[in-house]
Amino acid sequence: MTSATDAPENPLPFRSRSRRAASGGAIGWLRANLFSSIPSSAISLLLIFLLAKACVSFVQWGYWNAIWTVPGNQTSACRAIRGLGACWAVIPEKYRFILFGTYPFDQQWRPALAILTFIALFFLSSRHSWWRRELVLVWVAALVVIGLLMWGGIFGLPYVSQDRWGGLPVTLILATFGLAFGFPLGIVVALGRRSKLPAIRSLCVLYVELIRGVPLISLLFMASVMFPLFMPDGVNIDKLLRAQIAFVLYAGAYLAEVMRGGLQAVPRGQHEAADALGLSYWRKNGLIILPQAIRHVIPPLVNTFLAFFKDTSLVLIIGIFDLLTTAKTAIIDPAWQSFSVEIYLFVGSIYFAFCFAMSRYSRRLEAQGKPT
Amino acid sequence: MTTSTPEPARRKRLPISLSNERLAGLFWQIAVVGIAIAVVTWLWSNAVHNLSVRRISTGFAFLGREAGMPIADAWLSYSPKNTYLRAFIVGIVNTLRVAVIGIVLATVLGTMIGIARLSSNWLLSRLAAVYVEVLRDLPLLLQLLFWYVLMQGLPAARTAWIPIDGVYLSNRGLVLPSIPIEEGNLWVIGMAAVGLMALYALRRRLIARQLLDGQPRPVWPYALVLVVGLPALVSWGLGVSWTITMPELRGFNFVGGLTLTPEYFALLVALVTYTSAFIAEIVRSGIQAVPRGQWDAAMALGLRRSFVLQHIVMPQALRVIIPPMTSQYLNLIKNSSLAVAVGYQDIVSIANTTLNQTGQAIEAIALIMLVFLTISLGISLLMNWYNARVALVER
């Protein structure tokens, strides 16, 4: 997809007339941008009316009529105003469960720290000055630290098994490990798809097209139902790990397509020059081609990662406790059953915070042009 | 070709290095294919062993057995006494029902929002931008669950919300007035479709003739005859009834009319709004990709804005729009499988139930994959054909 910038100086005929007239303070701005013609004024008035109405009813529901705390588990006050006002009391009651699932309560600082490690890792990876080979080591180190924090078992941390994990860390783990392992896989498959060897090329095409042709849910079903069938007796792989493997395979296929675009953008002369130097296939790709290709595809990579982050929510269907599943489970509690809208708004704002940051970031990269 | 290398030396070196490269290539291919075959064989032998331990017979014989699963929202006649094959077909129809209508509505809504983003009205373009940003940055499954919860929170059928007379929105879903479709109606609709196709062919011929002599030939008389006249004649001849039945509230539910169940409606709304946000971005960047000079030149000729948009800008924008649009359509179809989360029985949901009832995991998932690969391939072919039609013809 082409760039998604919303630069204000777009040379667009729709806006050109208004821009010329845009002078002379607030009134001038209003005339130019909201009331430039009769149809435009009508639209503006209608939108202002609808927006005001929506705002008033939302503020009424979410603030004026809302209940912020309830004594104990007594939700009768909340039920009385159902439909008229929000019951935000459900959030402080349930947020620990939504964020961390059934992780032992007194140990929940560990997943919290893991979340912070993830955020630090994303932040570091987004810095232009950090795009070096050492970043790979940073990723390995961060992922190891996260594993240690979540599992424990050493340094005096009690061991917590995977089926107690839940909430935001699981969402982040599925997305990030999927990317971390799917990326090398995607590179190999993308190289294979451009290979001159027909057998390797067709294997790679088969893999990519099969995975991209079917919905993610069917892959997750495969991981949860079919995978145990394909394993020899006695081999029992944890459900989370199986879903993680499905995510890696899924990510590999999509990232291979992104990488293929990057490889195609590297000029032919680079290949020829590397060949002329007598570099082997792997040295040519590792030293010359891939570093250039990866830089080309950083914005689409961020977009693909954003899509994975959203797609991890699908594990709800196979019963893994990610952020969305814990939210849905939190409102099974009979006392809080009818306040799902509040919970979904809360969880939605967490997803939105991560996704919005990523989409802003990729847009900024695209606006800067191809990073060199 | 002149070369300073002596002939014999070249002959000696070249074949050896060539065969080295060839040998290496052959070796790699044999190794990779060998590993792939070994892994698949190993997995398969495990599966055969495990299935025999669990006494599950492989093969598609189970399709002929009685399904015994209820399907609440089926367009084809179906009862739990029917076979699994019938259940699968009902599931495929349910998937197509939500996907096709979803694609049409998402395209319309997405195009409108994409154009709104380019509006000179600041408020309109900002609101469109917010819509796109919010919907793109939330997981579809979350949105789907949210819509479904809102649907369930609607008033009961007795106190249904009635925006227009005959349209009821309640926790029973959306009920609309409808026309009962019988065989005669299908004939008339088929006639109109044939008429449309004939009109399309005719219009191309008329335009071709206009290009020869410059005489504009109106299309509308033919349109009147082919699309309105002939179907009306058939309808009159067969005595087809086109009376609209209004839904009525009887007891706790509605009778008559067309009911969209809350599951279907929530899924449709979620898919349409989510996909329309992506389509809006595609449409916007497609229109922006048309160079400004095209507008200026057309305006300088004194053409109307609507004419410029329709005949000069859109044909050029479509070339940019169609390839990413195809992948959005494919995404919508794949995303329709989220139906299983709200209990709308699409193909994935029915395959999942089958899998739980019979244990035929491999067959059920193979069927899902087959259906989706077929649909994806069909859409790709259709869109590639359309893309080839609008592509730039270099003279």
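Chain B holds an open sheet of three strands, ordered β1-β2-β5 and paired antiparallel. Keep in mind that this is a predicted model. Beyond the sheet, here's a quick tour of how chain B divides into domains, where it meets chain A, and what sits in the biggest nonpolar core.

**The sheet**
- The edges are β1 (168-170) and β5 (258-260) of chain B, each pairing on one side only.
- From one strand to the next, the twist averages 15°.
- Strand β2 (residues 173-176) of chain B is joined to β5(B) by three bridges, and the two run antiparallel.
- Across that pairing, V175(B) stands opposite T259(B) in β5(B).

**Domains of chain B**
- Chain B is assigned domain 1 (22-55) and domain 2, which comes in two pieces (84-158 + 264-390).
- The C-alpha centres of domain 1 and domain 2 of chain B are 39 Å apart.

**Where chain B meets chain A**
- On chain B, 53 residues are in contact with 53 residues of chain A.
- Helices that each supply at least two residues to chain B's side include α1 (7-53), α7 (262-288) and α11 (361-390) of chain B.
- The top contributor to that side is α1(B), with 11 residues.
- By type, chain B's side splits into 36 nonpolar, 12 polar and five charged residues.

**The nonpolar core**
- The largest nonpolar core has 153 residues, and those with the most contacts inside it are L220(A), L141(B), L144(B), L267(B) and I368(B).
- The most residues in this core come from α7(B), which gives 16.
- Leaving aside residues up to four places away in sequence, L141(B) touches S313(A), L314(A), L316(A) and L324(A), plus L338(B) and A341(B).

Key: Residues numbered from 1 in each chain as written. Chains lettered and ligands numbered in written order. Predicted model: local features only at pLDDT ≥ 70, side-chain atom pairs only at ≥ 80, totals over all residues. Domains from an automatic or database assignment. Contact = placed C-beta atoms within 7 Å. Helix = DSSP H or I, 4+ residues; strand = E, 2+ residues; numbered from the N terminus. Nonpolar A, V, L, I, M, F, W, Y, C, P; charged D, E, K, R; others polar. Core = buried A, V, L, I, M, F, W, Y, C linked by C-beta atoms within 7 Å. Buried ≥ 20, exposed ≤ 12 C-beta atoms within 10 Å, placed from the backbone. Pairing = 2+ DSSP bridges. Axes fitted to C-alpha atoms, helices over the stretch in contact; angles between N-to-C directions.
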